[in-house]
Amino acid sequence: MTADLPDFTVTRKRIKTLRLTVRAPHGEVVVSAPPHVRESAITAFVADKAAWIAKHQERIATRPPPLKPGPEAEALREQLKNAAPPLVARWAAAMGLQTPDITVRRMTSRWGTCNTQTKRITLNLELARRDPALLEYVIVHELAHLIERRHNALFYAVMDAYLPDWRLRRRALNAS
Ligand SMILES: [Zn+2]
């Protein structure tokens, strides 16, 4: 497949290397660039990734549209509110943690969050439309934050110990 140079916007940031993101749900291409990188270098960077960008835009376009408030969202919320607590309780016990409270809500950019102060896990309602193995991955990830708040070596060691195939699940989730 040959891909033309896609449209993109550039944001200058205090970072060291160029970063490229394809945003859902519309597939906009956003490049974050260090202050001194030239426009021509940015264009070459985007051109180099054109095929990859096209693939991601296709993938995003075939996703189900984001849930809107309504009966379907409510049914999915009930489904997730029933499915999540036993999984959270089981994994919390396995990881030696107290079972945290769970909130389900629509979120646009994250699958889950963990408030380590209030010990509350929030799950993205969209997980109700994904494979249960992916819900399980998000739950273990958020519980792992009750052991280590940051995404550092300890955090990943905890993930490796409890859910050795977590990288595969994360990849599947981010591709879905
Ligand atoms: Zn995290």
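**Aromatic rings, a zinc site and a helix pair**

Me: Does Trp-166 count as buried or exposed?
Reply: Buried means under 20% relative accessible area, exposed over 50%, and partly exposed in between, with a 1.4 Å probe and protein chains only. Trp-166 has a relative accessibility of 2%, so this residue counts as buried.

Me: What kind of model do these values come from?
Reply: Residues are numbered from 1 along each chain as its sequence is written, and side-chain values use heavy atoms, with hydrogens and water left out. Local features need pLDDT of at least 70, side-chain atom pairs count only at pLDDT 80 or more, and totals for chains, interfaces and linings use all residues, since this is a predicted model.

Me: How many aromatic pairs are there?
Reply: Rings of Phe, Tyr and Trp (its six-membered ring) pair if their centres lie within 6.5 Å; planes under 30 degrees apart count as stacked, over 60 as edge-to-face and the rest as tilted. By this rule, the number of aromatic pairs is two.

Me: Which residue forms an edge-to-face pair with Tyr-156?
Reply: The ring centres of this pair are 5.4 Å apart, with 85° between the planes. Tyr-156 is partly exposed at 27% relative accessibility. The partner is buried, with a relative accessible area of 0%. The partner in this edge-to-face pair is Phe-155.

Me: Why is the pair of Tyr-156 and Trp-166 called stacked, and what is the angle between the planes?
Reply: The centres of the two rings lie 5.4 Å apart. The pair links helix α5 (residues 153-162), which holds Tyr-156, to helix α6 (residues 166-175), which holds Trp-166; helices (H or I, at least four residues) and strands (E, at least two) are DSSP runs, numbered from the N terminus. The pair is stacked because the planes stand at 10°.

Me: Which residues are the protein donors of the zinc ion?
Reply: Donors are N, O and S atoms within 2.8 Å of the metal (3.2 Å for Na, K and Ca); water is not among the atoms, so sites may look incomplete. In sequence the donor residues are spaced H-x3-H-x5-H. Each acts through NE2, lying 2.0 Å from the zinc ion: His-141, His-145 and His-151.

Me: Which of the two zinc donors, His-145 or His-151, is partly exposed?
Reply: His-145 has a relative accessible area of 10% and is buried. With a relative accessible area of 47%, the partly exposed donor is His-151.
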